[in-house]
Amino acid sequence: MIAFEHVGKRYGGRFEALAHLNFRVARGEMVFLTGHSGAGKSSLLRLIMRLEKPSRGRVVVAGHDIAQLHPSQVPFYRRQIGVVFQDHQLLFDRSVFSNVSLPLEIQGVEPREAARRVRAALDKVGLLHREKALPVELSGGEQQRVGIARAVVNKPALLLADEPTGNLDPQLSADIMALFEDFNRIGTTVMIASHDLALIARLRHRILRLRDGRLIADEGAV
Amino acid sequence: MKRAVTPRTKGAAPKSKRQSAKSPSESPAERRGARSQQTRFTSRLRAWGRHHRAMAIDSLYRLVRHPVGNLLTMLAIAIALVLPAALWLTLDSAKLLDAELEESATLTVYLETAVDIAQAARIEEAVGAEEDVVQTRLISAEQGMAEFQQSLGLDDALAGLEDNPLPASIVIYPQSVDPSSMEQLAQRLEAFTGVDEVRVDLAWVERLRHLANLGRRVALALGALFGLGVLLVVGNTIRLAVESRRREIEVVMLIGATHAFVRRPFLYSGAWYGFGGGLLALGLLGLGNHWLAMPVAALAASYGASFVLPQLDIAGSTILLSCSTLLGWLGAWLAVTRHLSSISPR
């Protein structure tokens, strides 16, 4: 599903955020990406989302070198990846329902079908009763779950998450991780960047460890 | 629910159940391909239309939510439109005047005072035989005097004259009213015996026409300038709108919105601004017309003429409205396109 081949990323010609990255993630796998802050976790996810292009090497997603994508194709590529952000990236002037339906709106899904899918996604994250609420009326954990619902509402084949449990207490974090495991169980490839080592270790999935932009360990690979 | 990430499929919809239920007898693969392509296309078209409708309404709603500020923007647009439109209207009425004048482009042949009526008639006949002459009209000395008195209203003063000082004259309507051929005709006529002088009544027609041409050019230049002004007004307003919705734009681009999708609401806002400005401009023109109609009529009456201030007809109003809407749309397009390149998702 994902292949990094000799990938390097420099910012401003000097600072080397990522270097010599080589790894593969198979379809349907669940992978954690860990390392201290500044180790390059976010940069790596940004490369997969094609928010940036690698300075060296190739990032191949589903058989396509995504650096080769024409700018006009990038939106269509991004639609097939669900992303959960640490700061949720919710729109605060829209209701929970409308936030979750945003990806479907962008894809032009027929409204009734969209409403059905939005409710299904909200039900999955346990927030169906809050669909009319505004994001500010929700707790941090609930906001994060809205973010997850938005990421999965169009059933992406690949789900990325950047510190999804960043500001949550351990119990909520475990709940969120369990959600991701559920999605992984139905075939979604999941990649989660997190520095919550204790939690990750308990979950027994493959772990990629980064330090200073290099891959220093690949544990539990199949 | 596994679906491959394939960048080329552009968010293709999953195959519908209807297709898989097709009867196997009619070359299934081919039928299915054609059908699914068609449904995909029509559903995408429908989605496109839906988004257009939604954005048109949404942007109008946003305008109405902040009525004062947006009304001021529209007023600025309206004022920029009113000036060139009013000038154009004025020139349009001048053109009507001009057409009337064209008909009255004539030569006047003044005969020598010694020529009597019979001779004058013979000269008229000879002149009428000239090529280029369409029609002639003989004005005897007495008729000339009468017309003169009537037009000046100087009955009493002229009645005191013992002799009629005016010569008989022949008014000639030439075939072509272009100045050089009229000049040639005048020279030929001047050679006739009994002809004192030939005057070409063209100079001031020409002058007026030049003036109208000049005015039209000024109107066009002003129109272009003020049109640019409309672009700037709308562009600046839209730039601020884009800036205030920057976060939203970043988020939707993160989850796969195309530039066209992001641009759409702003283009509609721009078009609404233009449309509203156009309506206001029409209102202002009407108001101005109402305001000026009475003094203009009075002024015209004092010259013994009836002149009605020109008004925009339906076609003119439609043109003004579509131009302003288009300008608003264009201004928004320029602003958004310029601005979007500086916004990239974080």
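Start with chain A and colour by secondary structure: this predicted model gives the chain 7 helices and 10 strands. Show the C-alpha trace alone, and the chain spans about 45 × 40 × 35 Å along its principal axes. The radius of gyration of chain A is 17 Å, which agrees with the value near 17 Å for a compact globule, because that is what 222 residues would give. Colour next by burial: 46% of the 222 residues in chain A are buried. Among contacts in chain A between residues at least 6 apart in sequence, 68% link residues at least 24 apart.

Now select the largest nonpolar core, a set of 70 residues. Leu33(A), Val100(A), Ala149(A), Leu160(A) and Val252(B) have the most contacts inside this core. Highlight α3(A) as well, since it supplies the largest share of the core, 6 residues. In soluble globular proteins, nonpolar side chains tend to be buried together.

Centre the view on Leu160(A). Which residues does Leu160(A) touch, not counting those up to four places away in sequence? Select Leu45(A), Ile48(A) and Met49(A), then Ile81(A), Val83(A) and Met191(A): these are its partners.

Another core lies apart from the largest one and has 33 residues. To find this second core, select Val233(B), Ile238(B), Leu267(B) and Leu285(B), which are among its members.

Turn to where the chains meet. Here 26 residues of chain A are in contact with 24 residues of chain B. On the chain A side, select α2 (74-78), β6 (81-84) and α3 (96-107); each supplies at least two of the residues that touch chain B. Colour this side of chain A by residue type, and it divides into 16 nonpolar, 7 polar and 3 charged residues.

Finish with chain B, which has 11 helices and 4 strands. Select 53-101 together with 206-340 for domain 1 of chain B, then 106-201 for domain 2. How many Å separate the centres of domain 1 and domain 2 of chain B? Taken over C-alpha atoms, the separation is 52 Å.

Colour chain B by burial too: of its 346 residues, 25% count as buried. For contacts in chain B between residues at least 6 apart in sequence, 82% join residues at least 24 apart.

Conventions
Residues numbered from 1 in each chain as written. Chains lettered and ligands numbered in written order. Predicted model: local features only at pLDDT ≥ 70, side-chain atom pairs only at ≥ 80, totals over all residues. Contact = placed C-beta atoms within 7 Å. Nonpolar A, V, L, I, M, F, W, Y, C, P; charged D, E, K, R; others polar. Domains from an automatic or database assignment. Buried ≥ 20, exposed ≤ 12 C-beta atoms within 10 Å, placed from the backbone. Rg over C-alpha atoms; globule rule 2.2 N^0.38 Å. Core = buried A, V, L, I, M, F, W, Y, C linked by C-beta atoms within 7 Å.
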